[in-house]
Structure formats: C-alpha cells, structure tokens
There are 2 protein chains.
Amino acid sequence: MVTTRKRIKRGEALYRAADHFDCLYAIRLGFLKSTVMSSDGREQVIAFHMAGEMIGLDGIASDVHSCDVIALEDTEVCVLPYDRVLDVTTSLRSMGAHFHKILSREIVRQHGIMLLLGSMHAEERLAAFLLNLSQRFEARGYSRSEFVLRMTRAEIGSYLGLKLETVSRVLSRFSHDGLIQVNQKHVQILNASGLRAIVSGQPAAADAGNYDDDISLEP
Amino acid sequence: MVTTRKRIKRGEALYRAADHFDCLYAIRLGFLKSTVMSSDGREQVIAFHMAGEMIGLDGIASDVHSCDVIALEDTEVCVLPYDRVLDVTTSLRSMGAHFHKILSREIVRQHGIMLLLGSMHAEERLAAFLLNLSQRFEARGYSRSEFVLRMTRAEIGSYLGLKLETVSRVLSRFSHDGLIQVNQKHVQILNASGLRAIVSGQPAAADAGNYDDDISLEP
DNA sequence: CGACGGGTTGATCCAATTCAATAATCGTGG
DNA sequence: CCACGATTATTGAATTGGATCAACCCGTCG
C-alpha cells in the first residue's frame with residue numbers, strides 16, 4: 001500500500017471535527033489527544049494516542065470526522081487513504097478480519113473508559129490512568145516505571161472527568177504515599193501493585209513494603 | 001445470508017463476558033442492556049439496545065466477548081454468524097464499507113457518552129438520556145413524546161454514572177418543573193426544548209411556556 | 001526583567017452520595 | 001383471586017468528595 005508521511009507540530013491539529021474524512025493515520029512517533037466538544041463549548045479529551053496506534057476511525061461513520069486530534073508533541077504519522085484500505089480489506093479476507101479487529105478493539109477500549117468515568121473515584125481514576133500509560137509504554141519498549149506525561153494536568157483531568165486541581169492533589173497524595181514520584185511532567189512508578197490495589201477499590205491498605213515486583217529501570 | 005432467529009426471555013443473557021465470539025446479532029424486537037464488570041465487582045451499564053441495532057461487535061476484537069448482554073424484556077434477535085459476515089463484507093466492497101460504518105458509528109456514539117460521563121451534571125445527563133431515547137423511539141416509528149422505560153432506576157443510574165436515588169430525584173424535579181410526566185416506568189416528554197436547554201448547560205431559564213414544538217401523541 | 005502558562009496547595013462550598021424510612025408494584029403460589 | 005415477600009421507586013436528612021475560588025511558585029520566553 002502506498003503510504004505517505006505527514007508531520008504535525010506540537011499544538012497543531014491532524015484533523016478537526018467536521019473535517020472531511022479521507023484517510024486513516026498510523027502514528028509513527030509522537031503523542032496526540034482526541035477531543036470532542038459539546039454544543040455549549042465544553043471540551044472533553046476522549047483519548048491519548050501514541051506510536052503504533054491507528055487514528056481517524058471516527059471518520060468512517062459518516063465521511064466526516066467527529067473529533068479534533070491535536071499533537072501534544074511533534075508527531076509523524078503514516079497517511080493511509082481509506083480507499084486503499086477498503087481495497088485491501090475487501091480483497092483479502094484476512095485483512096478484512098484484521099481491520100474489523102482494530103475497530104472492535106477501539107470499542108472495547110472505550111468500554112473500559114466508561115467504566116472508569118461511570119464508577120470510579122478520583123484516586124482510582126488516576127491510578128488506572130498511570131497503569132494504563134505504564135503498560136502502553138512498556139508495550140512499545142520504553143520503561144514501564146518511568147516516563148514523561150506529554151499532557152497537562154488540565155488535559156488529564158478532562159480525560160478522567162476531574163478538574164486539574166484534583167489531578168494535581170491526587171498525584172501529590174500518591175507521591176506522599178510512596179506510590180509514585182512526580183516532578184512536573186516526569187513520573188516514576190514506585191509501587192505498581194499499590195496502584196493496582198487502588199484501582200480495585202482497596203482503601204490503599206496502610207502501606208507495607210510490598211515493593212516486591214515491578215521496580216525496574218530499563219533504558 | 002442464512003439467518004436464524006433466537007429468543008431471549010426477560011432477564012436472560014444473550015451472551016456474557018468471556019463467552020466465545022461466533023456471531024453478531026441484529027435485534028428484531030425487544031430491549032437489552034450491555035454491562036461490563038470491573039475486577040472488584042462493580043458493574044457498569046455501557047449501553048441500552050433496541051430493535052434495529054446490531055450487537056456483539058465487542059467480540060470481534062479478540063474472539064471473546066467483553067461484556068454481558070442481558071434482555072430487559074422478551075427479545076428476539078437475528079443471528080448473523082461472523083464467518084458469513086466476513087464472506088459478504090470481503091466479497092462486496094460496498095458491504096465492507098457499510099460494515100466499517102457500523103463499527104465506526106459505535107465508536108462515535110461512545111464519544112458522546114464519554115462527554116456525558118466526563119463533563120455533565122446529573123440533570124444534564126438525565127435530560128440527554130431522555131432525549132436520546134425519545135429520538136431513538138421516534139426513528140423506529142414509536143412516539144417520541146411518550147414511552148416506557150424498560151430499565152430500572154438503578155440501571156439508568158449505572159449507565160449515567162449516578163446513583164439510583166439521584167435518578168429518581170432528578171426525574172421528580174423534571175416532572176415538578178413540567179418538563180416531563182413520570183409514572184414509574186412510563187414517561188411523557190412535555191417540553192423537549194426545555195430538556196435540550198438543560199443539556200446545553202442552560203440553568204433551565206425560569207420556565208416560560210415554550211411548549212411550541214414537539215408536543216405530539218402519535219399512535 | 002516581567003509576563004504568562006503550568007503546577008501546587010489551602011479554604012470553602014455544593015452536588016451528589018449515603019443512610020434511612022416508606023410506599024408502590026410485581027410475581028408467585030396457595 | 002388474593003395474600004405475601006421481594007423488587008423497585010420515592011423522599012428526607014446528613015455526609016462528603018470533588019469543585020470552586022484564590023494565592024502562590026516556578027520555569028520559559030519575548
């Protein structure tokens with residue numbers, strides 16, 4: 001499949017809601033957010049995207065994009081004209097199946113976010129968020145215990161249905177409890193099991209020294 | 001495409017999380033809910049489904065279903081073996097495109113729910129919920145102003161990220177303000193524009209008699 | 001250097017939850 | 001058909017988690 005590249009600078013949009021839909025994008029490197037806007041102007045971050053992920057799927061529904069996608073750092077994407085995607089997915093059954101899976105995975109992923117937004121407390125949301133990032137960084141070969149948040153506190157808050165002050169407070173609390181170390185955008189996870197316990201609704205069981213697993217400092 | 005039918009009685013499951021994925025289902029008539037469960041047992045309703053909609057899309061991702069689908073009333077679905085769906089969507093390009101749209105539409109729909117869960121107050125959520133139901137009933141030829149809620153207050157609450165008491169209270173308030181009339185599961189929308197104003201964050205602008213549009217009593 | 005965006009932290013407030021009591025409705029079996 | 005227990009719904013009072021308002025710090029950039 002012929003693929004062209006496209007670069008988006010930090011702060012710029014890859015596409016915006018109401019833009020005509022032509023192609024999908026595979027992220028080569030960089031970090032982006034997707035946002036939707038309500039009629040009265042409230043903005044909500046609905047996803048953060050990183051290298052290896054495919055974006056633009058929202059446009060297939062009606063040939064028009066339904067959200068904004070903004071680069072949070074300089075980003076490079078692979079442009080995949082949807083016409084070509086359709087060619088491939090219809091000519092090769094296995095490619096058709098594969099593409100269905102990509103779409104379905106996005107649906108399932110969103111189920112998890114709805115669970116989070118619908119039933120979790122601030123601490124649980126933040127813990128889940130950090131673990132999710134950690135897991136995604138690890139899957140891409142980066143450290144699962146140390147990374148840089150590409151987004152602001154306000155963007156994290158929007159994504160998690162919280163205000164930026166709450167995000168800041170909870171991160172401070174986690175830091176105070178020895179679960180993480182935060183320094184502005186730089187985060188180090190010190191006790192992943194502790195975070196997992198919080199996600200599962202545990203009231204953070206005192207503290208104890210179960211730093212048994214997941215302490216690591218890969219490249 | 002050979003299609004078989006399947007009946008599910010009120011309270012029974014069409015499928016459950018972890019069930020093997022084989023087929024999709026088109027709802028012929030009835031009403032269902034989809035729920036996901038967090039590891040610690042919290043249940044969250046992620047969707048309500050009615051006649052004409054397709055369900056089971058979550059299973060494509062990994063050949064295993066990721067949510068429970070339960071009938072809220074006696075329901076009949078059309079069983080569509082996914083293998084056959086793949087045959088059709090890969091042999092006919094237009095069918096492939098159409099199926100992609102179905103999947104993408106689900107993704108876009110969920111964006112709206114995330115916006116709701118992430119940034120709306122209880123009254124806004126309920127107003128949006130009622131308008132959404134109204135619109136879907138209308139699209140199916142039923143009255144847009146009078147319908148029966150097939151789900152309990154607890155299920156509405158779970159879907160909207162609220163407690164059942166809050167749902168009950170807000171419905172009572174809407175009723176008191178003349179926006180709707182509620183009688184247990186039976187709801188009549190008296191002032192759809194008022195509800196729309198609430199969704200858009202308007203503090204319900206006194207009341208005024210703008211019952212201009214959308215009062216109707218179709219069959 | 002001063003302004004400005006991003007972050008932290010404290011004090012107060014309020015919307016929604018929790019706890020609780022009561023009522024209405026439904027399903028079931030005698 | 002009616003009685004009875006079990007859901008489901010409503011409503012009130014008290015509580016609280018997160019929002020809001022506000023002050024301040026820090027680094028960056030013109």
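Reader: By a turn of how many degrees can chain A be laid on chain B?

Author: This is a predicted model, in which local features need pLDDT of at least 70, side-chain atom pairs count only at pLDDT 80 or more, and totals for chains, interfaces and linings use all residues. Residues are numbered from 1 along each chain as its sequence is written, while chains are lettered from A and ligands numbered from 1 in the order in which they are written. When the copies are superposed by least squares on the C-alpha atoms of residues with pLDDT of at least 70 in both, chain A fits on chain B with an RMSD of 0.0 Å and a shift of 0.0 Å along the axis, after a turn of 180°. The two copies are thus related as by a two-fold rotation axis.

Reader: Which residue of chain A comes closest to the rotation axis?

Author: Two copies of a chain are related by a rotation about an axis and a shift along it. With the distance taken from the C-alpha atom, the closest residue of chain A lies at 2.1 Å from that axis, and this residue is A:Thr90.

Reader: Which element of chain A gives the most residues to the side of domain 1 that touches domain 2?

Author: An automatic or database domain assignment divides chain A into domain 1 (4–117) and domain 2 (121–199). Counting two residues as in contact if their C-beta atoms, placed from the backbone, lie within 7 Å, 13 residues of domain 1 of chain A are in contact with 10 residues of domain 2 of chain A. Among helices (DSSP runs of H or I, at least four residues) and strands (runs of E, at least two), numbered from the N terminus, the one that gives the most to this side of domain 1, with five residues, is β4(A).

Reader: Which element gives the most to the surface near DNA strand D?

Author: A residue is near a strand if its C-beta atom, placed from the backbone, lies within 6 Å of it, and 18 residues surround DNA strand D, with A:His121 and B:Arg153 among the closest. Two or more residues each come from α5 (164–176) of chain A and from α4 (153–160) and α5 (164–176) of chain B. The one that gives the most, with six residues, is α5(B).

Reader: Is B:Gln188 buried, exposed or partly exposed?

Author: B:Gln188 is in strand β11 (residues 186–189) of chain B. A residue is buried if 20 or more other C-beta atoms lie within 10 Å of its own, exposed if 12 or fewer, and partly exposed in between, with C-beta atoms placed from the backbone. Because B:Gln188 has 15 other C-beta atoms within 10 Å, this residue is partly exposed.
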